[in-house]
Number of protein chains: 2
Amino acid sequence: MPAPAAPDAAAVPLARLAALFADGTRAAFLLALLDGRAWTLGELARQAGVAPSTASEHVDLLVAGGLLAQERQGRHRYLRLAGAHTAQLVEDLAGYGGPPVARPATLRASAAAAALARGRTCYDHLAGRLGVALTDAMIERGLLQRDTGFALTPDGVRWFAESLDVGDELSGGSRRPVARPCLDWTERRHHLAGAGGAVLCDRLLARRWVERIGTGRAVRPTPDGVRALRELLGVDVSGGPGAVA
Amino acid sequence: MPAPAAPDAAAVPLARLAALFADGTRAAFLLALLDGRAWTLGELARQAGVAPSTASEHVDLLVAGGLLAQERQGRHRYLRLAGAHTAQLVEDLAGYGGPPVARPATLRASAAAAALARGRTCYDHLAGRLGVALTDAMIERGLLQRDTGFALTPDGVRWFAESLDVGDELSGGSRRPVARPCLDWTERRHHLAGAGGAVLCDRLLARRWVERIGTGRAVRPTPDGVRALRELLGVDVSGGPGAVA
DNA sequence: AGGACTGTTCGGTCCGGGCCGAACGGTGCC
DNA sequence: GGCACCGTTCGGCCCGGACCGAACAGTCCT
């Protein structure tokens, strides 16, 4: 009946897990990776402002701790969050503001989350159901190939040029891959990232086929956009009943 | 458009928060406090196996970090989690097992959570809807007073003696307070703790008016218990439709 | 008043770990 | 093959912080 003398055995694992977050550099890595992209080690190091050697050690810890998944491609080491569960935990910690202050109206919060699930930007491209729908449509129409990592087909390059007035941005001038898959936390599916994904997002925003909601990452297709995308890709991005205010 | 050179400003606060969890002793404190009781500093120190001076410093950090709330009473320093939001975060971290392995059947998990919300032991007394219902009933019938901190009325002492065969366990022989409020995370309301809460839980279990479900903290009233508690306190603890397997 | 007990402060020790630079190995490109 | 680039390993530095014991302050009980 008195206090159990055995210190809770779960304490050590908890502390070990928390220690992975308890460093500014690692926290910066995790927050950066929250966008769902796979970053290279060098990108992470630059983002956090540390030497590559330092970043390498941090990444080792995060991978060993199960928070990050890695994929080596040639001389690059791509890192991404280990899964949606991990992203959730990062967001929980990052979003913790302390309990005493009035909680931000649960209704508003869940509405905001739903908006993000429908459509949002992920770094510089489109994600959420909108991003996945566009990617699926491009694959279906032979504009995009889904081997290991996405690849734009010749038809795809032509489509970008003719339908979206894209010039030489996709001719490989930059070092950045033209098409790369990006895993979506809400959809748990891949969508188009890379230079192609970025230029797609850029053009859709420029033509006001997609517009930002408020100041955050959430976006939604406009009526014009719904029409145009149905024409161009045969896809319905209206989001179903009740999706647009 | 390239990587933003500014390291995410949220990284430092995140790391600072995580650092509070990133120590075995502090983690043990937080896990112990997860039961919703307010512990004294000495209890926490003994539980975690550290010197009081060490515990004092840890508690300072946790309070300053907003994870713990404190209340000084005489020579005691009572500590409890700062709120339900905090408890949620502790549980999220403690329950993180890594995403790659198959999630433990969400159905089972939510069923277990529901069982805990209905009724459970909280250290040595009853919590959940069951604990709150019993406490409310005792207050309504004048057995318990709710000033600052609970107090057992003379009627309450008599009720314990006559209805539950409680002898001198409540006559202040021990140093422990007879009645103390304990905040419930699922209900966000107070229920009876202290020696009175402990003896109540003890008797109800002994008479098999309440029984444990499996090996954890979850409990449920038995059919006998539902009958007896309706008679003794005029309270319905059947838990509504579908509450009992 | 005295004694028992709870918690705090302070000094001192010690270990872990975050950081860098230098050297090295692997990969891809010309 | 040569060269640029990406990442890793290793040694070394240094700071933060976890811990204890001793001394002290405050509270409660007798």
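This is a short tutorial chat about reading DNA contacts and aromatic rings in a predicted model.

User: Let's start with the DNA. How many residues surround DNA strand C, and which are the closest?

Analyst: There are 23 residues around DNA strand C. The closest are A:Thr54, A:His58, B:Gly42, B:Ser56 and B:Arg77. Now flip the view to the DNA side: of the strand C atoms that come within 4 Å of the protein, sugar and phosphate account for 70%.

User: Which helices and strands supply that surface near DNA strand C?

Analyst: Look at both chains. Chain A brings helix H2 (24-33) and helix H4 (52-64), while chain B brings helix H3 (41-48), helix H4 (52-64) and strand E3 (76-81); each of these supplies at least two residues. H4(A) gives the most, with five residues.

User: And how do the residues of that surface divide into nonpolar, polar and charged?

Analyst: Five are nonpolar, ten are polar and eight are charged.

User: Can you show me some single contacts? Which part of DNA strand C does the side chain of A:Ser53 come up against?

Analyst: For A:Ser53 it's a base: an N or O atom of the side chain is 3.1 Å from a base oxygen of strand C. Compare that with two threonines. A:Thr54 has a polar side-chain atom 2.8 Å from a phosphate oxygen of strand C. For A:Thr25, a side-chain N or O atom is 3.0 Å from a phosphate oxygen.

User: Now the rings. What describes a pair of aromatic rings?

Analyst: Two things: the distance between the centres and the angle between the planes. Searching the whole structure, over all chains, turns up two aromatic pairs. One of them is A:Trp159 with A:Phe160: the centres are 5.3 Å apart and the planes are at 80°, so this pair is edge-to-face. The rings of B:Trp159 and B:Phe160 also have centres 5.3 Å apart and planes at 80°, so that pair is edge-to-face too.

User: Why do the planes at 80° make the A:Trp159 and A:Phe160 pair edge-to-face?

Analyst: Because planes over 60 degrees apart count as edge-to-face.

User: Are these residues buried or exposed? Take A:Trp159 to begin with.

Analyst: A:Trp159 is buried, at 11% relative accessibility, because the cut-off for buried is under 20%. A:Phe160 is buried as well, at 0%. In chain B, B:Trp159 is buried at 10%, and B:Phe160 is buried at 1%.

User: One last feature: what sits over the ring of A:Trp209?

Analyst: That's the charged end of A:Arg207, 5.2 Å from the ring centre. Over in chain B, the charged end of B:Arg207 sits over the ring of B:Trp209, 5.2 Å from its centre.

Note on methods:
Residues are numbered from 1 along each chain as its sequence is written. Chains are lettered from A and ligands numbered from 1 in the order in which they are written. Side-chain values use heavy atoms; hydrogens and water are left out. A residue is near a molecule or strand if one of its heavy atoms lies within 4 Å of it. A polar contact is a pair of N or O atoms within 3.5 Å; within protein, one must be able to donate a hydrogen and the other to accept it, and residues adjacent in sequence count only if both atoms are side-chain atoms. Helices (H or I, at least four residues) and strands (E, at least two) are DSSP runs, numbered from the N terminus. Ala, Val, Leu, Ile, Met, Phe, Trp, Tyr, Cys and Pro count as nonpolar, Asp, Glu, Lys and Arg as charged, and the others, Gly among them, as polar. Rings of Phe, Tyr and Trp (its six-membered ring) pair if their centres lie within 6.5 Å; planes under 30 degrees apart count as stacked, over 60 as edge-to-face and the rest as tilted. Buried means under 20% relative accessible area, exposed over 50%, partly exposed in between (1.4 Å probe, protein chains only). A charge sits over a ring if NZ of Lys or CZ of Arg is within 6 Å of the ring centre and within 35 degrees of the ring normal.
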